[in-house]
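Work through these exercises with the structure open. Each task is followed by a solution in steps.

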Amino acid sequence: MKPVKVLFVCLGNICRSPTAHGIFRSFVREQGLHAEILVDSAGTSGWHIGSPPDQRSAAAAAKRGYDLSDLRGRQVGASDFLEYDYILAMDSNNLSALKAMKPSYYEGTLSLFLDFAENNDVRDVPDPYYGGVKGFDKVLDLVEDGCAGLLAHIRQNR
Ligand code: 4NP
């Protein structure tokens, strides 16, 4: 069977989407599904192309056992709509930017990542970039919830 491909998208691709990338691939590996579910992340902006995740995101993730150190920023592009079955926006601004790029032939799922969360009513992962340390822990809480729900959804639907 063809692998399911998942792309997480935020603005900079150095805080929220690499966090989702690192957590989701960790869940996928734990469940032995790494050959069946492929994961990547990207930013709607090109501001941090080639950059590692923000140190505050990497530190918050490492405290919970997720290693983000190999990830590098890239910008989402038209070819991603040919590749990815799920393109998941971390907030509604990211979703609007992605909808504006979406080609008419795209038949995958373009939605808010937190639509898959089961334990939160929040639908936007708040941008932590200009805030304090607490904001990065909040991102982790929301992203763990969303990733658990997303993995359950993919397992049920494939
Ligand atoms: P992210 O956070 O979209 O979660 O990666 C941001 C990273 C960088 C900037 C804004 C948000 N920035 O303004 O450079």
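**Exercise 1.** List the residues that line the largest pocket of this predicted model, and sort them by class.

*Solution.*
Step 1. Start with the stretch that gives Cys-10, Leu-11, Gly-12, Ile-14, Cys-15 and Arg-16 to the lining.
Step 2. Add Trp-47 and His-48.
Step 3. Finish with Asp-127, Pro-128, Tyr-129 and Tyr-130.
Step 4. Sort the lining: eight residues are nonpolar, two are polar and two are charged.
Step 5. Note the volume of this pocket, about 150 Å³.

**Exercise 2.** Where does the ligand sit, and which residues surround it?

*Solution.*
Step 1. Place the ligand: it sits in the largest pocket.
Step 2. Read off its surroundings, which include Asn-13, Cys-15, Arg-16, Trp-47 and Asp-127.
Step 3. Compare the lists. Asn-13 belongs to the shell around the ligand, but is not listed in the pocket lining. Pro-128 lines the pocket, but is not listed around the ligand.
Step 4. Sort the shell: seven nonpolar, three polar and two charged residues.

**Exercise 3.** Find the polar contacts of ligand oxygen atoms with Ile-14, Cys-15 and Asp-127, using a cut-off of 3.5 Å between N or O atoms.

*Solution.*
Step 1. Check the backbone of Ile-14: one of its polar atoms is 3.0 Å from a ligand oxygen.
Step 2. Go on to Cys-15, where a polar backbone atom lies 2.9 Å from an oxygen of the ligand.
Step 3. Turn to a side chain. An N or O atom of Asp-127 is 3.5 Å from a ligand oxygen.
Step 4. Close with the cover: the ligand alone exposes 360 Å², and the protein buries 93% of that.

Key
Residues numbered from 1 in each chain as written. Predicted model: local features only at pLDDT ≥ 70, side-chain atom pairs only at ≥ 80, totals over all residues. Heavy atoms only, no water. 1 Å grid on protein atoms, 1.4 Å probe; cavity = no way out; pocket = protein on both sides within 12 Å on 5 of 7 lines; lining within 4 Å. Points joined across faces, edges and corners; volume = space filled by probe spheres on them. Nonpolar A, V, L, I, M, F, W, Y, C, P; charged D, E, K, R; others polar. Near = heavy atom within 4 Å. Polar contact = N/O pair within 3.5 Å; in protein donor to acceptor, adjacent residues only side chain to side chain. Areas by Shrake-Rupley, 256 points an atom, 1.4 Å probe, with all protein chains shown as cover. Sits in = over half its atoms within 2 Å of the grid points.
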